[in-house]
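Hello,

Here is the structure I promised to pass on to you. Have a look at it first, and then read on for what turned up in it.

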Amino acid sequence: MLRIAGCLGWFALIAPIHLVTRLVLGRSGWPPRFLAGVARICGARVHVTGPSAEAGTLLIANHTSWLDILLLAGWARSAFVSKDDLGHGLIHWLADQNATIYVKRSDRKGSLDQATTIARALGRDQPVTIFPEGTTGPGTELLVFRSTLLEAARLGGPGSRVRPVAIDYGKARAEVGWSNGESGKANVMRILRRPGRLRVTLHMLGPLDPQLGRKQLTEDARAAIALTLGFKSSAHSPIGERE
């Protein structure tokens with residue numbers, strides 16, 4: 001209850017500042033600060049390794065929990081590619097404030113248009129993150145990476161960059177993981193009830209060549225993340241490509 005109250009109080013403080021800033025200046029840097037604050041209220045203590053992500057960078061990250069979004073937004077200042085239906089209106093509004101790019105997963109024929117939209121977003125003043133697993137996983141292994149939207153790396157032009165990011169919850173990986181049919185509400189409440197601090201490392205890994213084919217980019221990014229997290233591909237859903 002204290003954490004919920006803290007999140008609500010933080011929102012009540014930051015939302016008016018953000019709206020006024022955007023009204024006066026036409027833009028606002030407060031959404032990443034807000035999301036970083038929520039992560040800290042939830043217990044996260046973050047350590048970042050590797051150079052920071054520059055604007056125009058496509059980040060390819062593993063996906064364990066809703067906390068991933070708070071961490072990458074707060075510490076990498078990243079926008080995200082998300083499914084078009086986020087459920088609750090407040091969640092959708094918060095996503096809008098951080099310049100989220102929406103895709104309709106059911107629109108298979110529109111995948112090139114979606115990749116083009118992401119490529120355009122790389123021209124903005126913040127990195128963009130894709131979670132190619134397409135959903136959250138158990139935390140103890142990687143799911144198969146989808147390659148379709150990584151076509152955005154090639155479409156982004158000569159100034160675009162691609163970097164894998166390994167989000168490591170350490171010994172709490174399985175505890176944080178959101179899978180096996182657990183509802184979003186149950187996962188949120190379980191993490192909020194977790195006592196003490198949650199130590200997380202964001203490994204900002206070395207760049208990949210954006211002109212590699214999307215399938216090769218997918219394989220190389222997944223291999224780099226798996227190696228960093230200590231996962232053996234032969235024991236954890238083999239590296240491959242799912243459309």
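A99 is a good place to begin: with a relative accessibility of 24%, this residue counts as partly exposed, because the partly exposed class runs between 20% and 50%. Please keep in mind throughout that this is a predicted model.

**Around A99**

A99 sits in the loop that joins α4 (89-97) to β4 (101-103). Its phi is near 60°, a positive value in a residue other than glycine. N98 is found in that loop between α4 and β4 too. Is N98 buried or exposed? N98 is buried, as its relative accessible area is 4%; the cut-off for buried is under 20%. If you would like a sense of distance, N98 and I4 are 94 residues apart in sequence, and their C-alpha atoms are 21 Å apart in space.

A positive phi also turns up at R77, where the value is near 55°, again in a residue other than glycine. You will find R77 in the loop between α3 (67-76) and β3 (79-83). R77 has a relative accessible area of 39%, so it is partly exposed.

**Cavities**

How many cavities of 30 Å³ or more does the structure hold? There are two. The largest cavity has a volume of about 120 Å³. Its lining is made up of F11, I14, A15, H18, P31, F34, L35, W93, L94 and Q97. Three elements, α1, α2 and α4, give two or more residues each to that lining, and α1 gives the most, with four residues. Sorted by class, the lining of the largest cavity has eight nonpolar residues, two polar ones and no charged ones.

The second largest cavity holds about 90 Å³ of space. It is lined by 15 residues, and N62, T64, G139, L229 and F231 are the closest to its centre. Here the classes are six nonpolar, five polar and four charged residues.

**A pocket and a surface patch**

The second largest pocket is worth opening in your viewer as well; its volume is about 460 Å³. Of the 18 residues that line this pocket, R27, S28, G29, D125 and Q126 lie nearest its centre. Both α1 (2-25) and α2 (30-41) supply at least two residues of the lining, and the largest share, four residues, comes from α1. The lining of the second largest pocket divides into four nonpolar, eight polar and six charged residues.

On the surface, V20, L23, V24 and L25 form a nonpolar patch, and together they have about 460 Å² of accessible area. L25, one of these four, lies in helix α1. L25 counts as exposed because its relative accessibility is 60%, and the cut-off for exposed is over 50%.

**Salt bridges**

Side chains of opposite charge can pair when their charged atoms come close. How many salt bridges does a search of the whole structure find? The search finds five, and three are described here.

- R161 and E54: their side chains meet in a salt bridge at 3.2 Å, N to O. This pair links distant parts of the chain, with R161 in strand β7 (residues 161-168) and E54 in the loop between β1 (44-49) and β2 (57-61), 107 residues apart. R161 counts as partly exposed at 32% relative accessibility, and E54 is partly exposed with a relative accessible area of 47%.
- R154 and E151: the side chains meet in a salt bridge at 2.3 Å, N to O. Because R154 and E151 are three residues apart in helix α6 (residues 151-155), about one helical turn separates them. R154 counts as partly exposed, at 40% relative accessibility, whereas E151 is buried, with a relative accessible area of 15%.
- E182 and R190: in this salt bridge the closest N and O atoms are 3.0 Å apart. E182 has a relative accessible area of 23% and is partly exposed; R190, at 29% relative accessibility, counts as partly exposed.

Enjoy exploring it, and write back whenever you like.

Best wishes

Conventions:
Residues are numbered from 1 along each chain as its sequence is written. This is a predicted model: local features need pLDDT of at least 70, side-chain atom pairs count only at pLDDT 80 or more; totals for chains, interfaces and linings use all residues. Side-chain values use heavy atoms; hydrogens and water are left out. On a 1 Å grid over the protein atoms alone, a cavity is a set of points where a 1.4 Å probe fits but cannot get out, and a pocket is an open set with protein on both sides within 12 Å along at least five of seven lines; lining residues have an atom within 4 Å of a point. Grid points are joined across faces, edges and corners, and a volume is the space filled by probe spheres set on the points. Ala, Val, Leu, Ile, Met, Phe, Trp, Tyr, Cys and Pro count as nonpolar, Asp, Glu, Lys and Arg as charged, and the others, Gly among them, as polar. Patches are made of residues with over 30% relative accessible area and no salt bridge: like charges are joined within 9 Å, nonpolar side chains (Val, Leu, Ile, Met, Phe, Trp, Tyr) within 5 Å. Accessible areas come from the Shrake-Rupley method with a 1.4 Å probe; for residues, only the protein chains shown count as cover. Buried means under 20% relative accessible area, exposed over 50%, partly exposed in between (1.4 Å probe, protein chains only).
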